[in-house]
Amino acid sequence: MNKKLIIGILLVATIVLLATQFGQYLTLENAKAQQAALTSTINDNKLVSALIYFFAYVLVTAFSIPGAAVVTLLGAALFGFSLSLLLVSFASTIGATLAFLSSRYLLRDWVQSKFGSKLNAINQGVQKDGAFYLFSLRLIPVFPFFLINLLMGLTPISTVRFYLVSQLGMLPGTMVYLNAGTQLATIDSLSGIVSPNVLLSFALLGLFPIVAKWIMGKVKPVKEPQNS
């Protein structure tokens, strides 16, 4: 059996195992329950805790484990906005790039058979707008992020360009989620859920895709007409 196929099968099995065994823990309710206990530990071991969170986030993203949004919210609640922005921004992009590379070199046939119906749209977008299309997908999640990572691995886009565009394109959305996450730390009762700051922060989560879509429509590059 082909060595790449064997590695690919093992990787898929690992993804399924992690998703089924640990996905149920990545919920908002569990995140809030663990926040108080984790805060004390983090204050005593700031650097180690930050590194553990960083590498855990890379794995969550790389293996497409459900719950990345909740991990983002929890990170903001535990580390504050500035530090969590640094950790999440780079960890999410590194994890996305690892998923991209696994799709390109290990899981190509599996991704093609599983999500091939959506690949045409991705290829057409990349052919038409190049890296700008990836940038728009990062701002406006037409497809789930994990699916973008996998499908982009089957396109001609270079790894360096994928990383840089993803780093920049995911940054605004990351900032919105982390801002909401900082409010998680302030919710001590049911009444706290309806406080103005919390409502505003989570309203931004819903408004962001709409605003991003409007902005992308304004700045989308216009190709010059070809001379006949």
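## Contacts along the chain

Take the contacts between residues at least 6 apart in sequence: 80% of them join residues at least 24 apart. Keep in mind that this is a predicted model.

What is the chain built from? It has eleven helices and zero strands, so to speak an α-α-α-α-α-α-α-α-α-α-α run when you read the elements from the N terminus on. Of the 228 residues in the protein chain, 41% are buried.

## The 22-residue core

Let's go inside. The largest nonpolar core holds 22 residues, and Ile122 and Met152 have the most contacts within it. Several helices chip in at least two residues each: H5, H6 (108-129), H7 (131-139), H8 (145-152) and H9 (159-169).

Which residues does Ile122 touch, once its neighbours within four places in sequence are left aside? Look for Tyr133, Leu137, Phe143, Leu151, Met152 and Thr155 around Ile122. Among these partners, Tyr133 and Leu137 turn up again on the H7 side of the contact between H7 and H8, and Met152 on the H8 side.

## A second core

Another core, of 16 residues, lies apart from the 22-residue one. Phe54, Val58, Val88 and Leu178 are among its members. Val88 is also one of the H5 residues that make the contact with H4.

## How H7 meets H8

Now for a pair of helices that both feed the 22-residue core. H7 and H8 pack with their axes 10 Å apart, at an angle of about 160°. Because angles over 145 degrees count as roughly antiparallel, H7 is classed as roughly antiparallel to H8. The crossing of H7 past H8 is left-handed.

On the H7 side you'll find Tyr133, Leu134, Leu137 and Arg138, and they meet Phe145, Ile148, Asn149 and Met152 of H8. Sorted by type, the residues of this contact come out as six nonpolar, one polar and one charged.

## How H4 meets H5

Next up are H4 (residues 68-79) and H5 (residues 81-105), whose axes sit 7 Å apart at an angle of about 140°. That angle makes H4 oblique to H5. Here the crossing is right-handed.

Which residues make the contact between H4 and H5? From H4 come Thr72, Gly75, Ala76 and Phe79, while H5 brings Phe81, Leu83, Ser84, Leu87 and Val88. The tally for this contact is six nonpolar, three polar and no charged residues.

## Two residues to look at

Ser64 sits in the loop between H3 (46-62) and H4. Its phi is near 55°, a positive value in a residue other than glycine. Is Ser64 buried or partly exposed? With a relative accessibility of 21%, Ser64 counts as partly exposed, because the buried class takes in values under 20%.

Gly173 belongs to helix H10 (residues 171-184). At 15% relative accessibility, Gly173 falls under that 20% cut-off and therefore counts as buried. Where does the chain come back to Gly173? One place is Leu139: the two residues are 34 apart along the chain, yet their C-alpha atoms are separated by 6.8 Å.

Terms used:
Residues are numbered from 1 along each chain as its sequence is written. This is a predicted model: local features need pLDDT of at least 70, side-chain atom pairs count only at pLDDT 80 or more; totals for chains, interfaces and linings use all residues. Side-chain values use heavy atoms; hydrogens and water are left out. Helices (H or I, at least four residues) and strands (E, at least two) are DSSP runs, numbered from the N terminus. Buried means under 20% relative accessible area, exposed over 50%, partly exposed in between (1.4 Å probe, protein chains only). Axes are lines fitted to C-alpha atoms, for helices over the stretch in contact, and angles run from 0 to 180 degrees between N-to-C directions. Angles under 35 degrees count as roughly parallel, over 145 as roughly antiparallel, 65 to 115 as roughly perpendicular and the rest as oblique. A crossing is left-handed if the near helix is turned anticlockwise from the far one by less than a right angle, and right-handed if clockwise. Contact means heavy atoms within 4.5 Å. Ala, Val, Leu, Ile, Met, Phe, Trp, Tyr, Cys and Pro count as nonpolar, Asp, Glu, Lys and Arg as charged, and the others, Gly among them, as polar. A nonpolar core is a set of buried Ala, Val, Leu, Ile, Met, Phe, Trp, Tyr and Cys residues joined through side-chain atoms within 4.5 Å.
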